[in-house]
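Please look over the sequence and the structure shown below before reading on. The report that follows moves from the whole chain to one residue.

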Amino acid sequence: MKLIGSKLEQELREQFIKSNQSLFKSEEKRRLLEVIRSSFSEMKTAYIVNWIPEQGEDIYKVLINDDFIAEIELDRYSDEVEPIVEFEAVSQYLHGLSKQNQISLAVALELAKQELKNME
């Protein structure tokens, strides 16, 4: 999907930048980051593209580098409960996404690619 620089895209970009900083720097997201690092040793950057707070767990969809979408389910009450981690290629994840979610993913991908390029 081609980005056009809309207000929505700018808002999403700002939101993703904040969530990326939170993921890598806040104590609140420490466990999620540990699960990502242990499941994806090649991870250089990650962006949370969706978060569903359920009663007993949090379900995150996380863009890993610019390759994969990981779905990570973390128990809210116990670190002892093994997290559930599944993943799929970005190209697979795109199928069936709403236009809004496609735009969101395109913005996250743009940020991830820019960040990976800056690491070279």
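## Surface and basis of the model

How much area does the protein expose, and what share of it do carbon and sulfur atoms supply? The protein exposes about 7600 Å², and carbon and sulfur atoms supply 48% of that area, with accessible areas taken from the Shrake-Rupley method with a 1.4 Å probe, where for residues only the protein chains shown count as cover.

This is a predicted model, in which local features need pLDDT of at least 70 and side-chain atom pairs count only at pLDDT 80 or more, while totals for chains, interfaces and linings use all residues. Residues are numbered from 1 along each chain as its sequence is written, and side-chain values use heavy atoms, with hydrogens and water left out.

## Overall fold

The protein holds four helices and four strands, which run α-α-β-β-β-β-α-α from the N terminus on; helices (H or I, at least four residues) and strands (E, at least two) are DSSP runs, numbered from the N terminus.

Along its principal axes, the C-alpha trace spans about 45 × 35 × 25 Å. Of the 120 residues, 39% count as buried, a word that means under 20% relative accessible area, as against exposed at over 50% and partly exposed in between (1.4 Å probe, protein chains only).

## The place of M43

M43 lies in the loop between α2 (30-39) and β1 (46-53), and it counts as buried because its relative accessibility is 11%.

Leaving aside neighbours within four places in sequence, M43 is in contact (heavy atoms within 4.5 Å) with F24, L33, I36, R37, I64 and N65. Of these residues, I64 is 21 residues from M43 in sequence, and their C-alpha atoms are 6.1 Å apart in space.
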